[in-house]
Amino acid sequence: MSDLVIGIDPDSKKNGIGIVQDGKLVDLKTMDFFDLQEWTIEQHQAGAHFAVEDVQANKATYGRKIQRGSRQKEQAQMNCISQKVGRVKHSAELIVMWLERIGASYTLVKPLGGTAKAAKRKADLFKNLTGWEGRSNEDTRDAAMLALSVTRRQQRAKA
């Protein structure tokens with residue numbers, strides 16, 4: 001396996017990217033799909049392994065506590081959520097198809113839970129876990145946690 005692991009948190013507009021080199025988080029960024037295509041070719045040629053969040057493991061619409069209001073408003077909210085989730089699932093599907101097309105090594109990772117999920121939401125926890133001092137957002141933090149998760153699996157497999 002690779003010493004360069006790149007986590008990708010798929011999104012319909014800007015994909016979160018977390019780059020782990022030799023077990024250490026070295027960069028976070030966001031890219032649209034087209035920039036991601038070009039960039040993944042370079043990273044694949046450098047020997048990267050990609051960790052892509054398997055958003056297909058998520059249901060299209062979760063049961064959510066919806067604000068009080070008319071049934072029509074509730075349905076509109078659920079429809080909006082479903083459309084957004086569908087866009088993300090489609091983006092993830094395209095990313096995986098692209099990685100397969102260029103012959104890149106990748107792992108699909110189920111959405112993380114526990115501390116890793118909490119680190120996605122809380123920048124201070126993310127900083128404590130990773131030592132990251134730079135800017136981040138939920139998408140880049142999630143991508144970094146995916147890459148670190150796969151890196152740890154690879155290290156355990158080598159041992």
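At the start of helix H1, a side-chain oxygen of Asp32 comes to within 3.0 Å of the backbone nitrogen of Phe34. That is a computed distance in a predicted model, as is everything else I will say.

Let me stay with H1 for a moment. The helix covers residues 33–45, which is 13 residues. At 1.5 Å a residue, H1 should span 18 Å, and its end C-alpha atoms are 18 Å apart, so the expected and computed lengths agree. Just after the helix comes Gly47, with a positive phi of about 95°.

Which residues of H1 are buried? They are Leu36, Gln37, Trp39, Thr40 and Gln43. An α-helix has 3.6 residues a turn, so residues three or four places apart point the same way. With that spacing in mind, look again at Leu36, Trp39, Thr40 and Gln43, which are among the buried positions of H1.

Now the aromatic residues at this end of the helix. The protein has 1 aromatic pair by the rule used here. It is formed by Phe33 and Phe34: the ring centres are 5.6 Å apart and the planes stand at 75°, and since an angle over 60 degrees counts as edge-to-face, that is how the pair is classed. As for cover, Phe33 is partly exposed, with a relative accessible area of 21%. Buried would require under 20%. Phe34, in contrast, is exposed, at 56%.

Next, the strands that come before H1 in the sequence. Strand S1, residues 4–9, runs antiparallel to S2, and 6 bridges join the two. Val5, for instance, has Val20 in S2 as its bridge partner. The connection from S1 to S2 is a hairpin of 5 residues.

S2 in turn pairs with S3, again in the antiparallel sense, over 7 bridges. Here Gln21 stands opposite Lys24 in S3. This second hairpin has 2 residues between its strands, and Asp22 in the turn takes a positive phi of about 50°. So S2 has S1 as one partner and S3 as another, if you want a reason to look at the strand by itself. Is S2 mostly covered or mostly open? Mostly covered: of its 7 residues, spanning 15–21, 6 are buried.

One residue in S3 is worth a stop, and that is Val26; the strand itself takes in residues 24–31. Val26 is partly exposed, with a relative accessible area of 41%. Leaving aside residues up to four places away in sequence, Val26 touches Ile19, Gln21 and Trp132. There is also a C-alpha separation to note: Val26 and Thr130 are 104 residues apart along the chain, and their C-alpha atoms are 9.9 Å apart.

That brings me to the whole chain. The protein contains 5 helices and 5 strands. Along the sequence they follow the pattern β-β-β-α-β-α-β-α-α-α. Of the contacts with a separation of 6 or more, 63% are between residues 24 or more positions apart.

Finally, the surface. There are 159 residues, and 40% of them are buried. The exposed area of the protein is about 9400 Å², of which carbon and sulfur atoms supply 48%.

Methods: Residues numbered from 1 in each chain as written. Predicted model: local features only at pLDDT ≥ 70, side-chain atom pairs only at ≥ 80, totals over all residues. Heavy atoms only, no water. Helix = DSSP H or I, 4+ residues; strand = E, 2+ residues; numbered from the N terminus. Buried < 20%, exposed > 50% of the residue type's maximum accessible area, 1.4 Å probe, protein only. Contact = heavy atoms within 4.5 Å. Areas by Shrake-Rupley, 256 points an atom, 1.4 Å probe, with all protein chains shown as cover. Phe/Tyr/Trp six-rings, centres within 6.5 Å; stacked < 30°, edge-to-face > 60°. Expected span 1.5 Å × (residues − 1). Polar contact = N/O pair within 3.5 Å; in protein donor to acceptor, adjacent residues only side chain to side chain. Pairing = 2+ DSSP bridges.
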